[in-house]
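Q: I have a model open and I'd like to learn how to read its sheets. Can you walk me through them?

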Amino acid sequence: MMAHTSVTDPAVAPTCTKTGLTKGSHCAVCNTVLVAQEEVAMIDHNYTVIEEIAATVGRSGSRMYECTLCGKRYKEAIPTLKEGHSLIGKTWKIFALYQGSTRINKADWGTYTGAKLVFNADNTCSYTVMNKSGLITSGTSSWSMSDHTVYIPQINSLYNFSSSSATATLNDGMLYMIMWTSGGSHQCYFTPNGEAILDDESEAYIGTWKSDHIYMPDKLLRIPCKYWPDIPTSTIVISDDNTISVDGQAGSWSVNGGSFYLDGERDALTLNDYGQLLLFIGDGMYLVYTKGDSGKLPTMTEFKLPKGLGSVGREAFEGINAQVLVVPSGCASIGIRAFADCPKLKLAVIPKSVSTIANSAFSGTDVTILTPSGSYAGAWAEEQGVNVIYQ
């Protein structure tokens with residue numbers, strides 16, 4: 001019998017879409033397989049990221065991958081970030097300290113310089129803060145976060161807070177906390193290692209900013225006198241020649257040590273992770289500005305005062321441009337000309353808890369009072385000749 005005439009069956013390289021074959025052979029005359037070819041498994045796809053949308057607090061993200069060999073794509077979801085994620089692994093120190101609306105020079109901070117907070121992934125928190133006697137106190141507590149508010153039970157007990165002790169600004173860019181000492185209350189603004197959020201990226205401020213809304217913490221007890229008229233409520237224009245216009249009033253700005261200064265007097269502006277500009281105005285309150293023409297404050301529809309508010313001071317919101325005012329339950333008094341000369345204000349919702357309203361509280365404002373039957377606000381409106389609707 002004749003010997004087989006061997007012919008080589010060449011190997012076939014595998015790809016990421018097809019299997020391959022090893023080298024084999026067969027007889028050219030009778031086709032008998034002399035060395036069988038074996039299947040070689042497909043190789044892995046070589047994926048690279050071609051597009052990524054970062055996740056934020058309240059919004060999921062995604063990554064788009066593409067194989068460089070075959071072009072196949074797939075998308076991977078990035079889970080929504082949990083509030084408080086950027087608190088962890090950093091030492092938070094005070095970078096700005098206020099008493100009322102007065103900024104305190106760092107040289108006069110005293111023991112406040114040693115205040116710090118450290119948040120851990122296991123929801124424990126190490127703190128060094130001032131207690132009500134004006135002394136530094138340290139300890140470890142648990143912590144949690146909801147709706148941008150950090151809850152630290154041990155610090156709550158130090159200051160007799162009913163629910164919260166520190167309020168994080170949007171996306172955890174900054175922590176705000178009141179420290180009540182024997183010398184009175186101080187408003188403390190914490191950042192990682194006490195540094196400004198933006199560092200030296202001052203060019204991010206350049207442009208025109210429109211006011212969007214005002215943030216007032218629910219633990220705020222009183223709105224001070226002549227509050228609103230002193231607040232820039234419309235437009236901030238920041239130029240790269242270190243000039244700034246706030247509601248048409250010219251000034252200067254500078255960045256010193258990573259902090260943004262208006263006319264060299266107060267560290268008032270910072271950017272959060274949403275690209276919003278925050279203008280701090282004391283007592284935990286700040287205005288939020290957005291770049292371009294998307295601001296809403298000049299024509300805002302509803303203006304809600306904070307839940308814990310007890311009184312509204314004299315001329316506090318004179319000239320405010322809201323259409324609807326909502327006074328929270330628990331508020332007891334509304335001062336002289338508090339909402340006077342508000343041309344757009346058409347409806348004021350006033351709870352039964354209000355027991356004192358100055359005669360001129362709504363002077364020059366054509367408003368209708370919405371209030372429960374039998375309330376002081378209703379009787380006041382009838383006496384003053386102001387329109388009233390009973391709930």
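A: Sure. Keep in mind that this is a predicted model. Let's begin with Thr8 in E1 and E3, where Ser25 is the bridge partner of Thr8.

Q: How many bridges join E1 and strand E3, and in which sense do they pair?

A: Two strands count as paired if DSSP finds at least two bridges between them. Here, E1 and strand E3, which covers residues 24-27, have four bridges, and the pairing is antiparallel.

Q: What is the strand order in the sheet that holds E1?

A: Read across the sheet and you get E1-E3-E4: three strands, an open sheet, antiparallel pairing. The edges are strand E1 (6-9) and strand E4 (33-35), and each of these pairs on one side only. Ignoring direction, neighbouring strands in this sheet are turned by 35 degrees against each other on average.

Q: What about the sheet with E6, E7 and E8: which order do the strands take?

A: That one is also written straight across: E6-E7-E8, an open sheet of three strands with antiparallel pairing.

Q: Why is one side of strand E6 and of strand E8 left without a neighbour in the sheet?

A: Strand E6 (47-53) and strand E8 (73-78) are at the edges and have a single partner strand each, so one side of each has no neighbour in the sheet. As for twist, the average is 25 degrees from one strand to the next.

Q: Where can I see the pairing of strand E7 with E8 residue by residue?

A: Try Tyr65, whose bridge partner in E8 is Tyr74. Overall, strand E7 (residues 61-67) and E8 run antiparallel and are joined by six bridges.

Conventions. Residues are numbered from 1 along each chain as its sequence is written. This is a predicted model: local features need pLDDT of at least 70, side-chain atom pairs count only at pLDDT 80 or more; totals for chains, interfaces and linings use all residues. Side-chain values use heavy atoms; hydrogens and water are left out. Helices (H or I, at least four residues) and strands (E, at least two) are DSSP runs, numbered from the N terminus. Axes are lines fitted to C-alpha atoms, for helices over the stretch in contact, and angles run from 0 to 180 degrees between N-to-C directions.
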